Amino acid sequence: MKGCIFNIDAGYLEGLCRGFKCGILKQSDYLNLVQCETLEDLKLHLQGTDYGTFLANEPSPLSVSTIDDKLREKLVIEFQHLRNHSVEPMSTFLDFITYSYMIDNIILLITGTLHQRPISELIPKCHPLGSFEQMEAIHVAATPAELYNAVLVDTPLAPFFVDCISEQDLDEMNIEIIRNTLYKAYLEAFYEFCKQIGGTTADVMCEILAFEADRRAIIITINSFGTELSKDDRAKLYPRCGKLNPDGLAALARADDYEQVKAVAEYYAEYSALFEGAGNNVGDKTLEDKFFEHEVTLNVMAFLQQFHFGVFYSYLKLKEQECRNIVWISECVAQKHRAKIDNYIPIF
Amino acid sequence: MFKDDDEEEENTFGVTRYPCMPSLVALQQMRNRLHLAFLGRKLMKWTALATGRELRRLAAELYEVYQGFGEDLRNAFILLARSRYFYPQLNYIVTEDIGKKAGVVVQQSAKTVSGVKIVQFEIFETEYPPYAYLGIEKGGQTILETKKAWLDLLKRLIMMMQLRASFLMVELANKNATKKSNVLAKIVIPRLNVTSHYILSELEEKEREEVFRLKRVKQKKDLEKKLDEDRRRQVAADEGNKLKPAPSRSREQVPSRTRSKESGSLAVIKKEDN
């Protein structure tokens, strides 16, 4: 959509988002963090960044899980502010972003309910961005099928269930398979929505979502090699909104080992580059590391264009990567195991 | 091995003897007990040696198992942190989805080693591996490595526990065996020896007393005989001097009268004659 019309509804929020983006830690900040000896040092260094005194009220000794929680809390507050001030179609866009967290929460709640855990203990473990009103009502159900009929039909995720999972499937399937099936439906729906918005948003978001879809297909294929997942079941988990659709996905469904997957990726320039640098030796980056790096590059490039919703998505993903980086560095510092402390992905 | 500290004669300082009646029966009993004590000491000595050897072997194994433990533990924790890097919700999902069937099962069996019953653990991985599809869409490889590392740690812990428990049991057996062998060697066998000596000496003493008594009795008997002879000769001489009186008294009566006049010791002589 054109710049002038865009700013009426979303100009303030895009400006805010770009402001937040400037507060993302730079490489120099990471170099400082890596040299910390204790978590208190880390806290001191973080005070100099955009995070400020977010750890000020925590009792010492500091633990890594506290740091993780507080980092996420800051991100959630920022995102919720953006969401509260948004109007259509941006509010739907931001809602779509939260559906992925909702899927994680629902899977967690289903798992807990199956093991008869009390709801009050499960709710705090859910991701705050993915909360929905019917969360409290989940304990009435004993099986996933009941859960679906009673609770999930009213959530925004109902269409994802309907598309691919029937009631018996819910009871029989492994919980991870359910998660991946839901995520596939979600990704495809998100892709359609962005395409329908059109303009720069579609340009930016469809690129990112296509990469996400292809990445999931490749990773699921590689990780399913040692398990009992059949090739057909595996093929049902591939999102079809990426560049690999349809030939690449068909080839992946037939693959039997890592080499064949690599051969499939050869046909697509960006993905073959990722396979080049990866390996399983001690000093190499793993394939997943390379995928994360590429994702970060795509998200950073989203900020190069103006007047589109992609900046909000990219900001969220970059902040999440930053959280992961900081938590990894804190773990290495806390455990005094500095061998792999540089395995984070610098963003800017 | 069979010659050393068999010099029981030197070990008899300060030991008391068993209280018993000095008799042949008692001597035989003491000899039996001595034999058994020797056998027991040999057995205990052998047990102590074997358990000592076992202890040293177990100590070497323990050292090996403990060797890389610290390093492996740290690696396992870092791998877990890396899994959380790829998959931040890992903790919650894993703790909420604890499987109902065990993934690793330990079977206990008893083994006898150098006479000691020690416990042996067999580790089986059942057909219910936990979290089959965990991290299939992100972090799978790292999670697989983490699973492996922690399983190795678990096996190592079980091995450590088994070795430690066996070590304690074997050590107990070793202590018992050495204690028993010491007791037998230093106390029981010397006491038996002293008691045997005592019995022997008592028997000898009795023998001597008996011999002496017999000697005295024989002496007395001879004296008696001599006196008797003298009297008879006297009597005969007397009778020869007078004229022959009526032979009313028979010869047999005289001996019997004289015999009954004497004490019971003559009865002994009579027995001896017979």
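In which helix of chain B does B:T51 lie? I looked this up first in the predicted model and found B:T51 in helix α1 (residues 24–67) of chain B.

**Conventions**

I note that residues are numbered from 1 along each chain as its sequence is written, with chains lettered from A and ligands numbered from 1 in the order in which they are written. The model is predicted, local features need pLDDT of at least 70, side-chain atom pairs count only at pLDDT 80 or more, and totals for chains, interfaces and linings use all residues, while side-chain values use heavy atoms and leave out hydrogens and water. I take helices (H or I, at least four residues) and strands (E, at least two) as DSSP runs, numbered from the N terminus.

**Entry: B:T51**

I checked accessibility and recorded B:T51 as buried because its relative accessibility is 0%. The cut-offs are under 20% relative accessible area for buried, over 50% for exposed, and partly exposed in between (1.4 Å probe, protein chains only). I found a polar atom of the B:T51 side chain 2.8 Å from the backbone oxygen of B:T47. Leaving aside residues up to four places away in sequence, I listed B:S114, B:V116, B:V170, B:A173 and B:N174 as touching B:T51; contact means heavy atoms within 4.5 Å.

**Entry: salt bridges**

Side chains of opposite charge can pair when their charged atoms come close. I counted a salt bridge where a side-chain nitrogen of Lys or Arg is within 4 Å of a carboxyl oxygen of Asp or Glu. Over all chains, the structure holds 33 salt bridges.

In chain A, I examined the salt bridge of A:R18 with A:E14, whose closest N and O atoms are 3.2 Å apart. Both residues lie in helix α1 (residues 3–22) of chain A, four residues apart, about one turn of the helix. I entered A:E14 as buried because its relative accessibility is 3%.

In chain B, I found B:R156 and B:D72 in a salt bridge with closest N and O atoms 2.2 Å apart. This pair links distant parts of the chain, 84 residues apart: B:R156 is in helix α4 (residues 140–241) and B:D72 in helix α2 (residues 69–86) of chain B. B:R156 counts as buried at 19% relative accessibility, whereas B:D72 counts as partly exposed at 32%.

I then turned to B:E210 and B:R213, which form a salt bridge at 2.8 Å, N to O. Both lie in helix α4 of chain B, three residues apart, about one turn of the helix. I recorded B:E210 as partly exposed at 35% relative accessibility and B:R213 as partly exposed at 45%.

Finally, I noted a network of salt bridges linking B:D228, B:E229, B:D230, B:R231, B:R232 and B:R233.

How values were computed:
A polar contact is a pair of N or O atoms within 3.5 Å; within protein, one must be able to donate a hydrogen and the other to accept it, and residues adjacent in sequence count only if both atoms are side-chain atoms.
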